[in-house]
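Visitor: I'm new to reading protein models. Could you walk me through this one, feature by feature?

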There are 2 protein chains.
Amino acid sequence: MDQLFSYKQLSAFAKNIFLKIGCSANDAAIATETLLSADLRGVDSHGVARLSGYVRLWEAQRVNAKPSIKIIHETPSTAVVDGDAGLGLVVAPFAMQVAIDKAKNVGSGWVSVQNSNHYGIAGHHAMMALTHDMIGISMTNASALVAPTFSRDKMLGTNPIAVAIPAGKEAAFVADFATTTAANGKLEILQRKNKPVPAGWVQTKDGEESLNAHELKEGGALLPLGGNREGSSHKGYMLGSIVDIFSGVLSGANYGPWVPPFPAYIPMPANMPGKGIGHFFGAMRIDAFRPAEDFKKEMDQWIQAFKNATPINEKERVIIPGEPEIAFEKERRGNGIPLGTAVIESLQELGLKFKVEW
Amino acid sequence: MDQLFSYKQLSAFAKNIFLKIGCSANDAAIATETLLSADLRGVDSHGVARLSGYVRLWEAQRVNAKPSIKIIHETPSTAVVDGDAGLGLVVAPFAMQVAIDKAKNVGSGWVSVQNSNHYGIAGHHAMMALTHDMIGISMTNASALVAPTFSRDKMLGTNPIAVAIPAGKEAAFVADFATTTAANGKLEILQRKNKPVPAGWVQTKDGEESLNAHELKEGGALLPLGGNREGSSHKGYMLGSIVDIFSGVLSGANYGPWVPPFPAYIPMPANMPGKGIGHFFGAMRIDAFRPAEDFKKEMDQWIQAFKNATPINEKERVIIPGEPEIAFEKERRGNGIPLGTAVIESLQELGLKFKVEW
């Protein structure tokens, strides 16, 4: 059974752990905010459940707790940021802020990041743009779990894309999705329930269709959005590739099959062509296109039109991207964040190891 | 049986038709190049097959053959272009050039377009960036044929996205895809063959799954990439929405269910909130991030790694986005462009009507 924990408690704990591994007070606060945003928004796979994973990366000397994050190349509207092997949870907000600052100056800002690590949920960084009346964009590559159409090899990560767009009276539009049919987290839920996965989620190591939720452990691969050739999996493969190139090739990070793994026990790929994991961020000032108030009124009309589209079943109306996460956040800020036994135990272990009160 | 026609013949004919409806010599040349790029690249649904459709839009006074296309708002890295109801075939290259010019100056350029019309194939415009060692991005909204997840209403167009990325010795990476499971053109092929469509392509007017290639004519809808809820159609719906908002809401064009139809016999939607169809273009100078030669070498390695990924069936290796179109172009420039009887007849009719030699 899940137990409920307050945001305050989990947040204080995570921050203390980040301090113990050597993060500055400022970095620990930023990393905590990024990490916990996943728990609040209902993306349980990317929140405190991963805290021990980040610590193991630090123990394996794959994460630098005291990075000197800096811009290594820039133009008025673009930059490349070197994350100095820091936590992606800290590197990403730095880079997104660079994009926002450039957008303030010249209308838009675009930042490709090298030498980083896992950055938490994509949407959190994109949403940094919203309070500035900007559109925010965030994407990252990740270690290869996905087979491109026609191949049995894992060549791409789940490479998510997030786009946050401000609205007026309505809540912001926040899309945040893996470019696979299903993110790994959804597979894990079905693994725990010992249930099959729908067609189009995974394939066997030989590239055959599979409904086995454990297929990845047996050498299989996740499938790109679209699932199979008839379902246009080549489009998911193209999307994942674009994310990989913008994040990895444009920045000088690793890409494709060479992206470093999140689990610290998995060896690093041989002959890595770049530095660490790559991300890509964008910010566009709304009033660099039209008055923000006009835009936000139109966005309200857009959102209302979609909410009011005739449902197939009366009880299921069209969902606006970001709506489910808002409901999660309201519920969890009020009543607490549910954690399963395995996650709680991993946090208790961290508490013992670093002498941090749980 | 298809007949073969030379690029030169079709090109001269299309240009003469554009001149006859009143386009300037310059605009007629640009419109022709854009239109024919679809025929060359194997996207038959968007080439000369549509010429009579563009003419009918002009006859219905929905297309202005002598537009005064202009920038109505700009910052160093962004602009909004008003297409003055011109042919999208002409408006789009104008706007993409604005993006390229801004990228030359400040590293990147982003242009949202209002008051335009159908712009041909998305990839053609994105590819304008390649010779400048830039990444090109092109997207457009379109009249609503697609039902968002959970709805029976048609709320989005097939809203394509194209991304063109330069490489070194390898051919450029050019992704160009509708954000639906299948583009309308693929349905039309199965209609002519009287064959069923795969699951996840269309739904009935009541929102039920369907394999009927004629479903759209019976009030049904195309489905977003992903096909159904289990296949993550909400991701295709999010992608199509992002294209719609960047193209329509950001520019002041129409959006969602209000985007004007391509067929001139279909009445315009009531209470349109904006002007015409919207597009969105981006250009990013590679050396605004890292030296172009370094990037292109890495792109070659990226492309070679994917080409060499282990295939599932020995005869089908991984395809790099843009490869099939290059093969089409080589074949068709050499041996001619195949046109079916219906298309040939539509061109002959145009020739008679405008006294242009066929």
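Guide: Happily! A rotation of 180° with 0.0 Å of shift along its axis places chain B on chain A, with an RMSD of 0.0 Å. Superposing here means a least-squares fit on the C-alpha atoms of residues with pLDDT of at least 70 in both copies. This is therefore the relation of a two-fold axis. In chain B, the C-alpha nearest that axis belongs to Gly226(B), 2.4 Å away.

Visitor: Is there anything I should know about the model itself?

Guide: Yes, this is a predicted model: local features need pLDDT of at least 70, side-chain atom pairs count only at pLDDT 80 or more, and totals for chains, interfaces and linings use all residues. Residues are numbered from 1 along each chain as its sequence is written, while chains are lettered from A and ligands numbered from 1 in the order in which they are written.

Visitor: How many residues does each chain bring to the contact?

Guide: Two residues are in contact if their C-beta atoms, placed from the backbone, lie within 7 Å. Chain B brings 66 residues and chain A brings 66 residues. On the side of chain B that touches chain A, helix 8 (292–307) is one of the elements that supply at least two residues each. Helix 8 of chain B gives the most, seven residues. Helices are DSSP runs of H or I with at least four residues, strands are runs of E with at least two, and both are numbered from the N terminus. Because 100% of the interface residues of chain B are also interface residues in chain A, the copies meet through the same surface.

Visitor: Which strands of chain B form a hairpin?

Guide: Two strands pair if DSSP finds at least two bridges between them. Strand 2 (residues 70–74) and strand 3 (residues 78–82) of chain B run antiparallel, joined by four bridges. They form a hairpin with three residues between them. Within it, Lys70(B) has Asp82(B) as its bridge partner.

Visitor: What about phi angles?

Guide: Most residues other than glycine have a negative phi. Asn271(A), however, has a positive phi of about 55°. Asn271(A) sits in the loop between helix 7 (233–249) and strand 11 (277–285) of chain A.

Visitor: Is Asn271(A) buried or exposed?

Guide: A residue is buried if 20 or more other C-beta atoms, placed from the backbone, lie within 10 Å of its own, exposed if 12 or fewer, and partly exposed in between. Asn271(A) is exposed, because 5 other C-beta atoms lie within 10 Å.
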